[in-house]
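Student: Could you take me through the surroundings of the ligand in this model? I would like a close look at that one part, with the rest of the protein as background.

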Amino acid sequence: MTSLSPLRSPTSTRALRPQGPLLAMAVAAAVVALLTGMGCGEKLDPVQHVDAAGPEVTWCADIAPFVSGSCLQCHSATLSGPDRNGAPVGVNFDTYEDASRLANAMQERIGAGTMPPDGPLPEADRATFSAWVAQGRPEGTCP
Ligand code: HEC
């Protein structure tokens, strides 16, 4: 992408304003290029690459809430036999320790959209999970 026009100095907002539509077009072109590139037989890396420098993501505040809503109806140590809905025995995400240990496998399946089985998590949750892994899986403080 060499056609992206360089941004003016962020201090000169008046100079920036007329570029708004141009910038929007450049972004749209980048998105189209990205999507087109994806269609060219290139395999998507299932692991989303996220800058680890964003706001801190913790197990307690950000991950546990959607994991408990989206994974624990099968992947819970409290479930056995048919109640696990086929989830492998021992693959449980009830606690920080277990989820942290299994985070790479979770990331793989969440990123690929193959878990939960009934469809990928919302994009925001998938990005949050990637950021958590990228940041080294902070625990935070659970209530
Ligand atoms: C409706 C039940 C159900 C839900 C909900 C569910 N899973 Fe699963 N999970 C399974 C089953 C069944 C398997 C085994 C078959 C397979 O690997 O696809 C599995 C396998 C896995 C595996 C591979 C384990 C291994 O050792 O091979 C991972 C990782 C995983 N799930 C993560 C998740 C995550 C993360 C969530 C929530 C975002 C989730 N699952 C939600 C049923 C479920």
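Tutor: Happy to; here is the ligand shell, followed by its setting. This is a predicted model, in which local features need pLDDT of at least 70, side-chain atom pairs count only at pLDDT 80 or more, and totals for chains, interfaces and linings use all residues. Residues are numbered from 1 along each chain as its sequence is written.

Around the ligand there are 18 residues, and Cys71, Cys74, Gly86, Met115 and Pro116 are the closest; a residue is near a molecule if its C-beta atom, placed from the backbone, lies within 6 Å of it. By type, the shell holds 12 nonpolar residues, 5 polar and 1 charged. Here Ala, Val, Leu, Ile, Met, Phe, Trp, Tyr, Cys and Pro count as nonpolar, Asp, Glu, Lys and Arg as charged, and the others, Gly among them, as polar.

The element that gives the most to this shell is helix α5, residues 103-112, with 4 residues. The protein has 6 helices and 0 strands, where helices (H or I, at least four residues) and strands (E, at least two) are DSSP runs, numbered from the N terminus.

As for confidence, the mean pLDDT (the predictor's confidence in each residue, from 0 to 100) is 79 for the protein, and 64% of its residues reach 70 or more. Over residues 5-18 the pLDDT falls below 50, and that stretch has 5 contacts beyond near neighbours in sequence; two residues are in contact if their C-beta atoms, placed from the backbone, lie within 7 Å. Residues 30-45 also have pLDDT below 50, with 4 contacts beyond near neighbours in sequence.
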